[in-house]
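Biologist: I would like to go through this model with you, one local feature at a time. Please keep the answers brisk.

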Amino acid sequence: QSCLNQAYMTPIPLIDQIRALRELKMIQSIRKKLKKLKLILRETDKSGVLHIGSAADYERKAIEYRRTTGAYEELTSNPYNDIICQVTRLLNQLKSSNRIREWQRIKMMPIREKTELAYMYFIPKPHKKDTPLRPILNTIHAATKQISQFLDKLIRPLFDRFVRQTTFVDGADLLDQLQKYIQKGYFNSSTLFITFDITNLYTMLPQEESLVILAEFLRTHNCERINGLAIDTIVELARVVLQANAFVYNKKFYRQIIGGAMGSAFTLTLANIFMWKWERQTILPKLLSHELYGRYIDDVFFTCNQSEDKVKELLEAANKFHPNIKLEYKISKSVPFLDVYVENKNGILASSLYHKPSAEPTVVSFLSDHPRHVFRNVIQTALTRAIRYSSTFEIFNNERRAIRLMFLYNGYPSNYINQQFEKFFADYKTSTSSSILPMITDESQFLALRQKLLNQPTAKQTQLAISAATVQLTQHTQNVTQQNTNKIEATIQRNNEKFKNNIFLHVTHEGRLKGLAREIHMIHDSHFKNTVYGEIRLVVGFRNTPNTEFELSRKRPSSSVLKDLLRKKRKPNEVNVTIDPSVHFQNLSTSQELPKKTISNPMDMATSSDPTLLLPDYSKLSDSKFTQMLLTSMSNTINQDAIIELLNQKEILLFIRELTQLVNKFNYSQLQHEQWSYYYNLGMTEGIWNGRISKKMAEANSMCYTYGRSKNLIKQRLEKYRVQCDKNQGAINEHIKQTPAIIDIQNITTMINNLINKDQYELQLELDRRKTMLRLDAEEHKIVEEFYQLKPRQTEINSAKMIWNAINEQHNIIDEMVIFKKWLEVHTQASSFSLQHIQLPNIYHIVTSLFFQSQTSSPEHIAEQTIAKAEQMVQYYNKIINNEKNKLQSTRSHHKNVQLLDQTINVIRQREHNMKQRHDYELRGKVANIFNQTTLTQMDIQLNMQNNSTP
């Protein structure tokens, strides 16, 4: 601890403080200018430099991109809930039919609290004409992210293994394949290099066709099952990844109807598999078998010794083969591919590092706050790539000079560059070299070093080899006379034991914390080295601080459009109490557990009761549970045996479940439309729209700070739910058209309506409660406003605040007493129901204090004492109320304006009456919520207020 304190509490040097302030001002200034001039700053595609463009130009190009591709449709409402339900329903159906295992379902299931809609942004491609934009979808919190990652880890190793022959991993792999091509004697002075890339491959993937090709790819390689999953199951999961792809752009909602999300893990694998099929149908059959062909995602390179016209004919035919796949090709004896430039110089291959025309000489600045090894790695990587790609010593020397100038341009000291150059060459050279110019001096030395590096696999090549090696194929052992004897089950086995004995600790890097990692290791070793935990290895890693691009380019939209805003948010006063004195009451329990519902005491109309939480979701139910619920909703006139026989057929059951969910959505939309119609009519007839005061003012006067909704919002919601009603009604009509002939649709719809009306009863109660609360809240604001408009004296204001606060606290305690007494009554007949599931803070406080004061008392005695203490608290607040009222009356004799005083007292009484109405209404709702009872009457409340009512 002292080590960390010393490291983090050491004052930052003055020079670093000055630099930090200067850079902060610079960032703030750039932000203001970007906002003022309506500019967008983005990191460019591939080259990684910053690009500034007009927001209007970005929007124009985005609209043009959507129009040209036709890949997106705009949605009229937030699709968050629909996507969550679609994904959840599929996973539950697959699990219920034993097509996936439970651990797989859990692994792929989206967590509602963490799930967000994807969002789109564009990055510029300045290396192309007119700087087109590339769309990127951020799906890091999307509902299908887990499924996409699961499928990618499942399928990509198969692709890496089976399609390695026609895949280029990187530029070094291309050069290696070209050398083999030359060694076989196929390379000559007439050999042409052809490159082409696919326009908007990810966006233009035909979804259903891609899924068919995915299944064909697996069957072609005899992989009927992969890690236990059948092909049709994999296709179903892939379909939801493609189709449940909705996102936010510029505060609007869209769904991608062609292709996949550029940013989703599985989209890359699916695009590769689609291109595997395409190239087998177009290019490969027409190329001679000895020609070199390879592809890196959507970039293709191949050689040809035929005439240029023949090659063009081949490419034009390929360009017309599929309507979604369009090529941009180049035919020449010198072409760039990825980051390497190759040239046929009269039958001799020349290669060099390729720099895009828009590339800037920028790398990680030496002044940036990165760990030292980052700068070393940047220099070593640049030199390694230059040697690999340079076919001659002269080309390398030119590239080496360019590298040196680039590092000098980015603030690297000349001595540091020399030192790293010397170290790099020393690792590969045995002979001594000049300390001033640590370079290779002749062609032979260079070629020897280049061959040594070419023989070593690059990081990407190693990664692909490891991925392909995880595939294990198992032949089915079946009788020869049976079919499918050659079917293979694929298993993807990863080394999960690699980091078993490692502990990872990440620290945000700061230059002033130099040596901190070493000190953490010393602390770890001093405590654990000679213990049973000594074999566990501590790995200290560093996180980089946000860079300039992160600070200046805002891509993420507001959370209000990404997250599930309808989800109930826990309020600070709703935290469960840690101490559980209710354990002391366990002897009062018998046999049946009460439903564990939590209540709150909200003061605003927008309460914590989320309507969608009361909306049943039939997609999450098992088939047996859904069938049972449906049968209980059946009328006596319907033949139960016939219905059971129907429901035992999977296709019929699926049809009825989908119809039920559609009717469920329609009823919900209809209820919401009626609700917002009520708000609109109330505003038009009585002028009750919305009101708001400061939270400080609301707290001082014991009232809600806001109520209602604006007229514009109400009209928007009305239109939204009207559209939803029409859409859901249309979906129901279309679904009913597909009714199987053996179904009596009238009986089925009657059962469904009975089920939904029963399950949506609580929802209807909640919406009715909101209507009542709106009127009470509006009246409360009106009364308080009237009070302050009288311009009472400060003493009168203080008295009013104390009276209203005491009434509020008094009623809160009375509410808790009623619930506690009801709990005691029910608990003598019900079993082990813990009081901690009901939030009664005052009762909890009393019970806890009594329990610790007298732990030998019986539960019944503690319960009696608790009620008595609560009644004393009610009396205490009653005394405060009476004292303040008497104080107001006592000022009558010397008050300058008695009439104003009477008006003030009258308004205080009106507020008191309104508060009582509100608390009584809320109490009935709380009891119904906890005990599933609606029988609590005004008499029940009055019985708990005997001798406690305020005069």
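Biologist: Which residue in the turn of the β11 and β12 hairpin has a positive phi?

Modeller: This is a predicted model. In it, β11 and β12 form a hairpin with two residues between them. Most residues other than glycine have a negative phi. In this turn, a positive phi of about 55° belongs to isoleucine 297.

Biologist: How many bridges join strand β11 to β12?

Modeller: β11 covers residues 293–296 and runs antiparallel to β12. One pair links tyrosine 293 to phenylalanine 302 of β12. The number of bridges joining the two strands is four.

Biologist: Which residue of β12 is the bridge partner of isoleucine 194?

Modeller: Strand β6 spans residues 192–198. β6 pairs with β12 in the antiparallel sense, over six bridges. Isoleucine 194 has its bridge partner in β12, and that partner is phenylalanine 302.

Biologist: How many residues of strand β12 are buried?

Modeller: Buried means under 20% relative accessible area. On one side of β12, Asp299, Phe301 and Thr303 are buried. On the other side, Val300, Phe302 and Cys304 are buried, so both faces are covered. The strand is largely enclosed by the rest of the structure, because the buried count is six of the six.

Biologist: Let us turn to the loops. Is aspartate 130 buried or exposed?

Modeller: Aspartate 130 sits in the loop between β4 (118–124) and β5 (133–138). Its phi is positive, near 65°, in a residue other than glycine. The cut-off for exposed is over 50% relative accessible area. Aspartate 130 has 62%, so the label is exposed.

Biologist: And serine 702, buried or exposed?

Modeller: Serine 702 lies in the loop between α24 (695–700) and β22 (706–708). Phi of serine 702 is near 50°, again a positive value in a residue other than glycine. Its relative accessibility is 6%. With a cut-off of under 20%, serine 702 therefore counts as buried.

Biologist: What is the relative accessible area of tyrosine 8?

Modeller: Tyrosine 8 is in helix α1, which covers residues 2–9. Partly exposed lies between the 20% and 50% cut-offs. Tyrosine 8 is partly exposed because its relative accessible area is 35%.

Biologist: What accessible area do Leu4, Tyr8 and Met9 have together?

Modeller: Leu4, Tyr8 and Met9 form a nonpolar patch on the surface. Residues in a patch need over 30% relative accessible area. Tyrosine 8, at 35%, therefore passes that cut-off. Together, the three have an accessible area of about 310 Å².

Definitions and conventions. Residues are numbered from 1 along each chain as its sequence is written. This is a predicted model: local features need pLDDT of at least 70, side-chain atom pairs count only at pLDDT 80 or more; totals for chains, interfaces and linings use all residues. Side-chain values use heavy atoms; hydrogens and water are left out. Patches are made of residues with over 30% relative accessible area and no salt bridge: like charges are joined within 9 Å, nonpolar side chains (Val, Leu, Ile, Met, Phe, Trp, Tyr) within 5 Å. Accessible areas come from the Shrake-Rupley method with a 1.4 Å probe; for residues, only the protein chains shown count as cover. A salt bridge is a side-chain nitrogen of Lys or Arg within 4 Å of a carboxyl oxygen of Asp or Glu. Buried means under 20% relative accessible area, exposed over 50%, partly exposed in between (1.4 Å probe, protein chains only). Two strands pair if DSSP finds at least two bridges between them.
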